[in-house]
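Subject: Structure for you to look through

Dear colleague,

I am handing over the structure we talked about, and I would ask you to open it beside this message. My notes on what was found follow below it, so please read them with the structure in view.

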Amino acid sequence: MHDITPITGPAPWACDPTGTRGRRYPEAPTPTRNDHQRDRDRIVHSSAFRRLVYKTQVFVNHEGDLFRTRLTHSLEVAQLGRSIGRSLGLNEDLVEAICLAHDLGHTPFGHAGQDALNECMRDWGGFEHNLQSLRVVDTLEQRYPDFDGLNLTFETREGILKHCSQRHAQLLEEQEPNGVAARFLRGEQPSLEAQLANLADAIAYNAHDVDDGVRSGLITLEQLQAVPLFAHYHQQALAQHPHLAQPEAERRLLYACIRLMLSDQVYDVIATTQTNLARTGVASVHDVRQCGQRLVAFSAEMHQRSQALKTFLLHQLYRHPQVMHTMEAAQQVVRELFAHHLHQPDDMPARFAQRAAQAADEAERARAVADFIAGMTDRYAISTHTRLTGQHLLAQ
Ligand code: MG
């Protein structure tokens, strides 16, 4: 058991909403919500957020009602983020906002969809879901009278841009000097809230992909015995509840293992981060940014175990022949949708068709098509593809 004393109240290393670096378009404060609470609410009310419900996490949306989607994944990430953030004295609202927004830029069909779209866009700057999440909140959402996007605070946008190549960072920096990409050029760290959202994402998907993987029948509890992180909790769960060894109790056993695994990882992050904070002596958000290392982290041992589980899921689940087969079909859907709309932009909804028509060059035209396709849900992509080609590549 970890020896943890939760930190109560906002700590000096937490982002203070009253000290925000602000919004790109200044707005008057509201009487009831601080700026990061407003960010979170804007994200929940966005159309990109609603579309996450029909976007693939691992399994294509129609493959089963109980599998995670991008939406339920994002909610689980936010729950873990808030829970850990509270024990570290962080700004919970900011953590929640970043967690809820972190996957807004995902294409239909998960990473397979992204890879296909990136390939389609290779001559025009490529496609990356992380950058796209920022595009969604900065420009693609249309909800306000006088500006595009959700006009989120710097801190939320910084957290959404969790990684970025030097080339992309330079491009973003040209558009927004000293903006959200500057830290990639300067080698600075993001806020602790952003660091936490990143780790909460990994904790969430490792756990729920085990659950969904076993539910799908593509991986088994026996196979998972080979993964030290899981085997450890499996033994612990059986020692605590011997009756779960009965075959009919398999699902309860799986949940007992996942619960132990989640708790242990959460406690490990809190304990390790508290140690890191004490060791480095950071006393402000400025110190966090200048600190040469990530402070929200697993212990070395938990990091290694978590990586081993990630590797197992990669080989046994994400690259399972059945998943690969579906994803190859999904990639064909994306490629053919892209090719069609690039040549017939008028088949897109008016706002994208208009952008394509007014584009200054081919790159801008292609970007309008990429934005349209990235925003599609799985089922919209499948039905549009079927309507345009007459093919049924992914039965619904
Ligand atoms: Mg995620």
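A search of the whole structure, which is a predicted model, turns up 0 disulfides. A disulfide, as a reminder, is a covalent bond between the sulfur atoms of two cysteines. Cys15 takes part in no disulfide, and the nearest cysteine sulfur to it, that of Cys99, lies 13 Å away; since two sulfur atoms must come within 2.5 Å to be counted as a disulfide, Cys15 and Cys99 at 13 Å are not such a pair. Cys15 is buried, with a relative accessible area of 6%, and Cys120, at 14% relative accessibility, counts as buried as well.

Next, please turn to the metal site. Which protein atoms are the donors of the magnesium ion? They are NE2 of His73, NE2 of His102, an OD atom of Asp103 and an OD atom of Asp201, and they lie 2.2 to 2.5 Å from the ion. Along the chain, these donors follow the spacing H-x28-H-D-x97-D. His73 belongs to helix H3 (residues 70-87), whereas His102 sits in the loop between helix H4 (92-101) and helix H5 (110-120), so this pair ties together parts that are 29 residues apart in sequence. As for their surroundings, His73 is buried at 0% relative accessibility, and His102 is also buried, with a relative accessible area of 7%.

Helix H3 is worth following further, together with helix H10 (residues 192-216). The axes of H3 and H10 come within 8 Å and cross at roughly 125 degrees, which makes H3 oblique to H10, and the crossing is right-handed. On the side of H3, the contact is made by His73, Glu76, Val77, Leu80, Gly81, Ile84 and Gly85, while H10 contributes Leu196, Ala197, Ala200, Asp201, Ile203, Ala204, Tyr205 and His208. You will notice that His73 and Asp201 are named both in this contact and among the donors of the magnesium ion.

Ser87 is also found in helix H3, and it is buried, with a relative accessible area of 15%. If its neighbours within four places in sequence are left aside, Ser87 is in contact with Pro6, Ile7, Ile270 and Gln274. Ser87 and Ser263 are 176 residues apart in sequence, and their C-alpha atoms are 13 Å apart in space.

Gln175 can be set beside this. Is Gln175 buried or exposed? Gln175, which is found in helix H8 (residues 166-175), is exposed, with a relative accessible area of 65%. From Gln175 to Gln189 there are 14 residues in sequence and 21 Å in space, taken from C-alpha to C-alpha.

Lastly, two residues deserve a look for their backbone angles. Phe109 has a positive phi of about 65 degrees although it is not a glycine; this residue is found in the loop between H4 and H5, and at 1% relative accessibility Phe109 counts as buried. Asn151, likewise a residue other than glycine, has a positive phi near 55 degrees. The place of Asn151 is in the loop between helix H6 (129-140) and helix H7 (154-160), and Asn151 is buried, with a relative accessible area of 5%.

With kind regards

Notes
Residues are numbered from 1 along each chain as its sequence is written. This is a predicted model: local features need pLDDT of at least 70, side-chain atom pairs count only at pLDDT 80 or more; totals for chains, interfaces and linings use all residues. Side-chain values use heavy atoms; hydrogens and water are left out. Donors are N, O and S atoms within 2.8 Å of the metal (3.2 Å for Na, K and Ca); water is not among the atoms, so sites may look incomplete. Helices (H or I, at least four residues) and strands (E, at least two) are DSSP runs, numbered from the N terminus. Buried means under 20% relative accessible area, exposed over 50%, partly exposed in between (1.4 Å probe, protein chains only). Axes are lines fitted to C-alpha atoms, for helices over the stretch in contact, and angles run from 0 to 180 degrees between N-to-C directions. Angles under 35 degrees count as roughly parallel, over 145 as roughly antiparallel, 65 to 115 as roughly perpendicular and the rest as oblique. A crossing is left-handed if the near helix is turned anticlockwise from the far one by less than a right angle, and right-handed if clockwise. Contact means heavy atoms within 4.5 Å.
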